[in-house]
Each structure stands twice: as C-alpha cells, then as structure tokens.
Amino acid sequence: MELFYASLLTFFVLSVTLSFHFLLYSKKSGSRLSNLPPGSTGFPMVGESLEFLSTGWKGHPEKFVFDRIARYSSSVFRTSLFGSPAVVFCGAAGNKFLFSNENKLVQAWWPSSVDKIFPSSSQTSSKEEAIRLRKMLPNFLKAEALQRYIGIMDGIAQRHFATDWENKDQVVVYPLTKHYTFWIACRLFVNVEDPSHVAKFEDPFGCLIAGILSVPIDLPGTPFNRAIKASNFIRTELVAIIKQRKLDLAEGKASPTQDILSHMLLTSDENGKFMHEADIADKILGLLIGGHDTASSSCASIVKFLAELPEIYEGVYREQMEIAKSKAAGELLNWDDIQKMKYSWNVACEVMRLAPPVQGAFRDAINDFMYNGFSIPKGWKIYWSAHSTHRNAEFFPEPLKFDPSRFEGSGPAPYTFVPFGGGPRMCPGKEYARLEILVFMHHLVRRFKWEKVIPNEKMIVNPMSMPEKGLPIRLYPHKA
Ligand code: HEM
C-alpha cells in the first residue's frame, strides 16, 4: 500500500514543473530568506515528507533528524514537510526556545489536512479549537477530579484483564492496550461503558488516527479518505449521545459531575454562552484522540521492555505486589497507592524516553525571528522532535541503555525529556495518562510474566510509536 502511495506521489511530483518551484520561492525571496538554516527542501510541493514519514515506518524515526544534523553540522536545519517550508529544531535548546516563545514568536500548527479530517462545527481552525478546549480541561483534569477516576480506571482494568487476558496462552498486546485506554476514555468522557457500544467507536477511531499524518490524498480507499469518513461517523454518534444526555440531565437521570460531557453541557463561557452540540462533539473527539493512542502506545511499549528486561520486571513486580498485599479483598486502588508506584513510573518514563508515543509537533512562526544565527521567516513551520531529543548522549549517557534511575531525584534536565511536550501547550492529559498507565502496570504484573513471540519485533512510528506486528506475547500466569 505504501508503495502505491509512493508511486502516486512520484507521479504527482513529476507532473509539477520545477519552474513552479522556483516561482514559488523566488516570489518570497529577499533578505528574509538570506540566512536560512542549512538544509534541503526536497521535491517541489512534497518536500521531504515521504522520507520523514518513511524513517518512522521503518522503525528509526530519529534517523531523519540525526542524518541531517550530521550532514549539515547544525542542530537546526531546513526542510519542507506536508506542503510547507519547515525548520527542525533539534534537542533541548531548540525545545526550550520553542516552548518559551509560544504565542510570542510561534504558535501551534497542524498540517492543513488535519483541518480536513476535523472540520470544526464552529468554523474556527483546529488551532482555535485547541485553545478553547485547553481552557476547559483543568476542571476535568485537576487533581481532585483525577483522584475520583482511579477507582473507575481500576474497575475497568479488572474487567479488561478478566475478559481479554486471563485464561489465554497468547495475546497480541497493542490492540488490547488500545481497547483498555479507549474503554477508560469512553467511560470518563461520555459515560459509555457497555463493551458493544465502545466497540462501535473503536474501529473508526483506528482509521482516524492512521489518517492524521498520512499523505493527504482524498481518493476512495486512501488512509486520508478513510479518516475523513471515520471522523464524520464518530461525530454523528457523539451528537446522538449528547442529545440523549441533555434529556437525561433534564429528567435527573444523569448527574452533572458524572463525566466531561455533563460538565461541557452545563458550563457556560465568560459571556454566559453554552456550547452547541456539534462543538461539544468536536471537543470530545479531540480528547478521545489526544488521550487514546498515546497512552495505549506507552502501555504496549512497557509490555515490550518488561519482556526484554527481567531485572526491571522484577523491580516493578516487587513494588506492585507490596501495594497489592496492603489492600483488603476487593478494595480498589486509590491515590495513595498510585503515589507509592515510584519505581514503576520511572520505568514508564524510561520507556517513553526510548519510545515516545508522540514523535514531536509543529509550530508556526508568527513573526520573522533569528535562532542560532539563522533567520526563520514568518509563516515557516518549525518542528520539535522527541525521539532525537531523548537520544542525545550529552543528556542521556549511553542513550540506548534502559536505565530507569535516570528519573530518580530531580530527573533529567529541563527540556531534555519531552514526551508530553512543554510550555503552555504541554499535554494537559499528562496526569490522567500517568494514572491509567500505572493502573495498567499494576494489573499486568500482578497476573503475569510473559515472553515475546517475535523476539526481534521492531518498534515503528505510524504515527504513534507502536510494535510492528502488534506485539504477540506468550503469557505465564503467576501461581496463586
Ligand atoms: C502517554 C500519554 C500521552 C502523551 C505521550 C501525550 C503527548 C502529548 C504531546 C506531545 C502533545 C503536544 C504538545 C505540543 O504541541 O507541543 C499533547 C497535546 C495534547 N494532549 Fe496529550 N499525551 C498523552 C495523553 C493525553 C491524554 C490522556 C489526554 C486527555 C485526557 C491528552 C490530551 C491532549 C490534548 C487535548 C492536547 C492538545 C493541547 C493543546 O494543543 O494545547 N493527552 N499530548
């Protein structure tokens, strides 16, 4: 399939004349473009997008960045991605610059294809949507609300392991971790927990995520086309849930605090205006996307690393069993238990260092500015990269070695460990993700040891970090 898209792209590239390329760039030339970072803008229109994507598909996403750092002897280089001239800032100093200049020199940007997959009901761009969503989230994701979710997450984890893991000799991990995080999100965001209802959303969701960073060719059967259809389907389903909830709230059958949906329906903005149903559907969709494939990618990677590293597994097992033994029969995990899972969280962080679920994000230069002596023109896109930042030997000696002690004490230096981004746009779901990942680890190691069926299975990026074949494992339940 990838070959098919590659050929389509090649055809597309050849059909666009080189002169168009020169026209495009000469129109914008001038002193603004005189001292650009070194680099290559690749093919006309397509730029270096295919190489950027394909290094991830092949399992070495950091290669795109490291090859160019070596080629240009520079920690900032020029390229062209997803139809825009772009600059990549490599490493902690670049991250610091970007995260500290949010809304001053740069602001968040997504390829325009993303707006096609998520056409906003209120006709604002996805950027403005994100700002509105961000304002609303703290109420839902604040510490006291999160504490209430631990018991709910624990209950779902127990049912998940009972139905999908127990009494099985082998499982394929990645689809299961997706199911786990999606089930929790459906319950906590819209109070949907009936497994058949959850399943109805899950498949279209897979299509949607796959299309987000795909080649934006809207033809029947392309990942991009499937993502647009999936987005429409999910939004229609969400609107139906929202309508029902309005009725239930009016009749006292639903509680104002039961999930984020009730919260959104009952909270007005600073002008006293309530959100429309379609707006709420958009916001919930945004949260489901932000919160779903990211945490499931982490959970799957944790299973992979624990299979490969028995001494790390033992450490996590000891910590989790101590917590398990301190609980009465049937007692759910609580906030204190989570605080005791220090070693497990260090392990999870080391997993996210080596296999960050999100490989990076874009910013848009809102002014001309200078960085490291190079000029960055207004309108150019800037990319920061978690993979290459996390493998910098200056901050992480022996970067490929798995070593959770890197996170002991005050942990890595600022801006060197960025799985959740940083600055004002830092992931608002970080704490929520920590909880669901730790609850998952607790139930996993309490029940099983395991080994990989495919010893050398690769981790790829498409667009999240994921095991190439889904990570099939053989399960060995602990003796009671
Ligand atoms: C391991 C799990 C997760 C990882 C690694 C992760 C990572 C990230 C990253 C790297 C960003 C982009 C920051 C940027 O643009 O610079 C982001 C944004 C975001 N995340 Fe997460 N995330 C995770 C889980 C979650 C969860 C559970 C939720 C929701 C409950 C969530 C909601 C969001 C939202 C709404 C944004 C957009 C924020 C904005 O644009 O201001 N994420 N996340």
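**Close-up views of a predicted model**

**View 1. Strand β2 and its parallel partner β8.** Four bridges join strand β2 to strand β8, which spans residues 381-385, and these two strands run parallel to each other. The model shown in this and every other view is a predicted one. Within the pairing of β2 with β8, Ala86 has Lys381 of β8 as its bridge partner. Strand β2 itself covers residues 84-89, and because five of its six residues are buried, the strand is largely enclosed by the rest of the structure.

**View 2. The hairpin of β1 and β2.** Strand β2 also pairs with strand β1, made of residues 76-81, and here the sense is antiparallel, with six bridges between the two strands. At one position of this pairing, Leu81 stands opposite Ser84 of β2. Two residues lie between the strands of the hairpin, and in this hairpin Phe82 adopts a positive phi near 50 degrees.

**View 3. Pro38 and the residues in contact with it.** Pro38 is placed in the loop that lies between helix α2, residues 18-28, and helix α3, residues 49-57. Because 13 other C-beta atoms are found within 10 Å, Pro38 is classed as partly exposed, a residue being counted as exposed at 12 or fewer and as buried at 20 or more. When neighbours within four places in sequence are left aside, the residues in contact with Pro38 are Tyr72, Ser74, Phe77 and Arg78. Pro38 and Val87 are 49 residues apart along the sequence, while their C-alpha atoms are 9.4 Å apart in space.

**View 4. The shell of residues around the ligand.** The ligand has 23 residues around it, and of these Gly290, Gly291, Gly421, Cys427 and Gly429 come nearest. Two or more residues of the shell are given by each of the elements α7 (126-141), α13 (277-308) and α18 (430-447). Among the contributing elements, α13 gives the most, with seven residues. By residue type, the shell around the ligand is made up of 14 nonpolar, seven polar and two charged residues.

**View 5. Cys427, one of the residues that come nearest to the ligand.** Cys427 sits in the loop between helix α17, which covers residues 386-390, and helix α18. Leaving out residues up to four places away in sequence, Cys427 touches Phe420 and Gly421. Cys427 counts as partly exposed, because it has 18 C-beta neighbours inside 10 Å. The UniProt record, an unreviewed entry, lists Cys427 under "binding site".

**View 6. The open sheet of β4, β12 and β9.** Three strands make up this open sheet, in the order β4-β12-β9, and their pairing is antiparallel. The strands at the edges are β4 (170-172) and β9 (448-452), each of which pairs on one side only. On average, and with direction ignored, neighbouring strands of the sheet are turned by 35 degrees against each other.

**View 7. Strands β4 and β12 with helix α9.** Strand β4 is joined to strand β12, which is formed by residues 472-477, through three bridges in the antiparallel sense. Within this pairing, Gln170 has Arg474 of β12 as its bridge partner. Helix α9, residues 173-190, lies across both β4 and β12, and the helix runs at about 65 degrees to β4.

Key:
Residues are numbered from 1 along each chain as its sequence is written. This is a predicted model: local features need pLDDT of at least 70, side-chain atom pairs count only at pLDDT 80 or more; totals for chains, interfaces and linings use all residues. Two strands pair if DSSP finds at least two bridges between them. A residue is near a molecule or strand if its C-beta atom, placed from the backbone, lies within 6 Å of it. Ala, Val, Leu, Ile, Met, Phe, Trp, Tyr, Cys and Pro count as nonpolar, Asp, Glu, Lys and Arg as charged, and the others, Gly among them, as polar. UniProt positions are given in the numbering used here, feature names are shortened, and annotations may be inferred rather than shown by experiment. Two residues are in contact if their C-beta atoms, placed from the backbone, lie within 7 Å. Axes are lines fitted to C-alpha atoms, for helices over the stretch in contact, and angles run from 0 to 180 degrees between N-to-C directions.
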